Amino acid sequence: MIKNTRFVIDVPDLQKSSAYYRDVLGFSVRDLGPGWMLYTLESCLIMAGEWPGRAPDTYFAYIELDNIGAYYQQLLAAKAEVLKELVSEPWGMREFLIRTVDGHRIMFGQDLG
């Protein structure tokens, strides 16, 4: 049985990534030891490992929220790079997509049901 999930991502600059997750996305940041940080926002945990020279451009998460409109406005105010505006989709989700400072893509959604 799955108890919880964690995402593990590689980032080219751990300090830059940590500042972005803290200042733009609102995560708390904790040092895990040389080359690793933990980003936490409520039940979402992301372990970031530094990999210089790596340029990721991939989806790694779909994060469901309770109040997507408020979080979307928070990220707009923080100048997050929005790739897909907040929209209600025919499959019953309200969603938006961002690209992080590291090039990762994160989709945020809220169930409309």
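These notebook entries record what I looked up about the sheets and helices of this predicted model.

**Entry 1, sheet with S1 to S4.** I began with the strand order and noted an open sheet of four strands, arranged S1-S4-S3-S2 with mixed pairing. I then looked at the edges, which are held by strand S1 (7-11) and strand S2 (28-33); each has a single partner strand, so one side of each is left without a neighbour in the sheet. For the twist I wrote down 25° on average between neighbouring strands, with direction ignored.

**Entry 2, S2 with S3.** I followed S2 to strand S3 (residues 36-41) and found the two paired in the antiparallel sense over five bridges. Within this pairing I looked up Val29, whose bridge partner in S3 is Tyr39. I also noted that helix H1 (residues 14-23) packs on the sheet, where it touches S1, S2, S3 and strand S4 (44-50), and that the direction of H1 makes about 10° with that of S3.

**Entry 3, sheet with S5 to S8.** Here I recorded an open sheet of four strands in the order S5-S8-S7-S6, with mixed pairing. Strand S5 (59-64) and strand S6 (81-88) stand at its edges, and because each has a single partner strand, one side of each lacks a neighbour in the sheet. The twist from one strand to the next averages 15°.

**Entry 4, S7 with S8.** I traced strand S7 (residues 93-99) and strand S8 (residues 105-111), which run antiparallel and are joined by seven bridges; Arg94 stands opposite Gln110 in S8. Lastly I checked helix H2 (residues 68-77), which packs on the sheet and touches S6, S7 and S8, its direction making about 20° with that of S7.

Terms used
Residues are numbered from 1 along each chain as its sequence is written. This is a predicted model: local features need pLDDT of at least 70, side-chain atom pairs count only at pLDDT 80 or more; totals for chains, interfaces and linings use all residues. Side-chain values use heavy atoms; hydrogens and water are left out. Two strands pair if DSSP finds at least two bridges between them. Axes are lines fitted to C-alpha atoms, for helices over the stretch in contact, and angles run from 0 to 180 degrees between N-to-C directions. Contact means heavy atoms within 4.5 Å.
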